[in-house]
Amino acid sequence: LRPRLLHQPLGAIAEESPAAAADPKECAARLEAAGRLLEAVQRLCLVPRPTFRDALFFPHASALERLLALLRRAKFTIDVCVYCVTEERLVAALREKAAAGVAVRIVSDEDQAFNKGAAIFKTAAFAYTVVDEPLHEGANGRKAEGEREKRMHHKFCVLDHRILATGSFNWTGAASSRNCENILVSSEPKLVSAYSAEFERLHAAFSRSNPVSTAAAATKLQAALRGRAARLPPAMGRAQSSQGTAEEKVAAALSQLLAQAPSGRLSLGACRALLQRLNLRPVQARWLLHTATEECCELMRRRGRRRGAAAEMAALLSSLGSLAATLESDLLMPPSAAAATLFFPSVAAREELCGVLATARHTLDVCVFTLSDRRIADTVLDAHKRGAAVRLITDDVTAMNDGSLVFELAEA
């Protein structure tokens, strides 16, 4: 069954109850079983629906403005991990948020920090900024023999540990006005968590060896972090009540709705209005259903032993089904079959990427700056041999570089 259809077996639970049943305890037990069934369905088959999603493509007149608007949404933290930073409007937006008490941290590339126009040393005045470790130099001032060139090549930022912006976009004027670039924006918890962990890993590693920020910037960051902790709502750290919605408030609202509903049945419209009034986040969906189940069971127990208990139980079951359907429609969604987060350099990550490419059966559209990895190129070629329609877009300059496999693929 598709997840959105799994609330329908509730009708069978109601039909199995004897029409003359009058034991509220038995009816409450059946209600509790139905609620546990719904909770299991949501836990196993559904995930929280992202509350914020967007895709930005450059160069476009509105793309940079939308990115600036995104940065202005931050209330507590902005963690930036970008290869190159020169775009003054983005730097100004970060400076403005730092002045407002937002804790800003930046990780960037060591070589790019010294390029003409780079703003990394400007950001050090208001944000705790670090760069990756420089190459170990030999006696002649060049990189040590056998050491390969490496880059801190990420381009992502995380806002308030809740919103992720990642893609090919460097924070430069060229990227915003001339280059073909992209940014994917998402509040999906698993993605945000993975990128936050990567930022913390790099920031901790580079802070020990290559900090750029001044002592004044570090002091500002500490003050901002203390201010952030003071401003956070008490429930911020609890997954079930980040909006300050107490369980008592939800239970009271549910009880009031059930008492006012015709025959004790909640409509989909009433459930949707409840969600809008409580302003719940997707991660609270399962908690709300659990609370609703307990409230329905308590209502059933309070009814006492009398005729019609089975009918009342059926009405409450219908209400639970309506609530579950509304949650599945508004706050939850089936998990993506191909969702993954890969960080490089990693042999395992490259193999997983090739595994994803190998699933292509009909089409494979590739849009990359350069293609020189033999393992990945062979995987793309295998998809072509299987009959998949392969299309490749790449940069004209890098296509001519030594080691590029673009023309080899074109011949195939």
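In this predicted model, leucine 159 stands opposite isoleucine 163 of strand S7. Strands S6 and S7 run antiparallel and are joined by 4 bridges.

**The sheet**

Both strands belong to an open sheet of 7 strands with mixed pairing, whose order is S2-S8-S7-S6-S3-S4-S5. S2 and S5 stand at the edges with a single partner strand each, so one side of each has no neighbour in the sheet. On average, and with direction ignored, neighbouring strands of this sheet are turned by 10° against each other.

At the S5 edge, strand S4 (residues 103-108) pairs with S5 in the parallel sense over 4 bridges. Within this pair, arginine 105 stands opposite tyrosine 128 of S5. Strand S5 covers residues 128-131; Tyr128 and Val130 point one way from it, Thr129 and Val131 point the other way, and all are buried.

Helix H3 lies across S2, S3, S6, S7 and S8, and runs at about 140° to S2.

**The nonpolar cores**

The largest nonpolar core has 39 residues, and Leu71, Ile78, Leu94 and Trp171 are those with the most contacts inside it. At least two residues of this core come from each of the following elements: strand S2 (53-58), helix H3 (63-72), strand S3 (77-82), helix H4 (88-99), S4, strand S6 (155-159), strand S7 (163-167) and strand S8 (181-186). H3 gives the most to this core, with 6 residues.

Isoleucine 78 illustrates these contacts. Leaving aside residues up to four places away in sequence, isoleucine 78 touches Leu71, Leu94, Lys97, Val102, Ala103, Val104, Arg105, Val158 and Leu159. Apart from the largest core lies another core, of 33 residues, which includes Leu257, Leu275, Ala285 and Cys296.

**Helix packing**

Two helix pairs are set out below.

| Helix pair | Angle | Axis distance |
|---|---|---|
| H2 (residues 24-45) and H12 (residues 285-302) | about 175° | 8 Å apart |
| H14 (residues 347-357) and H15 (residues 374-385) | roughly 10° | within 9 Å |

With its angle of about 175°, H2 is roughly antiparallel to H12. Helix H2 contributes Pro24, Cys27, Ala28, Leu31, Glu32, Gly35, Arg36, Leu38, Glu39, Gln42 and Arg43 to the contact, while H12 contributes Ala285, Arg286, Leu289, His290, Thr293, Cys296, Cys297, Met300 and Arg301. By class, the residues in the contact of H2 with H12 are 10 nonpolar, 4 polar and 6 charged.

The axes of H14 and H15 cross at roughly 10°, and these helices are therefore roughly parallel to each other. Their contact is formed by Arg350, Glu351, Leu353, Cys354 and Leu357 of H14 together with Arg375, Ile376, Thr379 and Val380 of H15. The residues in the contact of H14 with H15 comprise 5 nonpolar, 1 polar and 3 charged.

**A buried loop residue**

Threonine 398 lies in the loop between strand S11 (389-393) and helix H16 (406-411). Is this threonine 398 buried or exposed? Its relative accessibility is 6%, and the cut-off for a buried residue is under 20%, so threonine 398 counts as buried. With residues up to four places away in sequence not counted, threonine 398 touches Phe369, Thr370 and Ser404.

Notes
Residues numbered from 1 in each chain as written. Predicted model: local features only at pLDDT ≥ 70, side-chain atom pairs only at ≥ 80, totals over all residues. Heavy atoms only, no water. Buried < 20%, exposed > 50% of the residue type's maximum accessible area, 1.4 Å probe, protein only. Pairing = 2+ DSSP bridges. Core = buried A, V, L, I, M, F, W, Y, C linked by side-chain atoms within 4.5 Å. Contact = heavy atoms within 4.5 Å. Axes fitted to C-alpha atoms, helices over the stretch in contact; angles between N-to-C directions. Parallel < 35°, antiparallel > 145°, perpendicular 65-115°, else oblique. Nonpolar A, V, L, I, M, F, W, Y, C, P; charged D, E, K, R; others polar.
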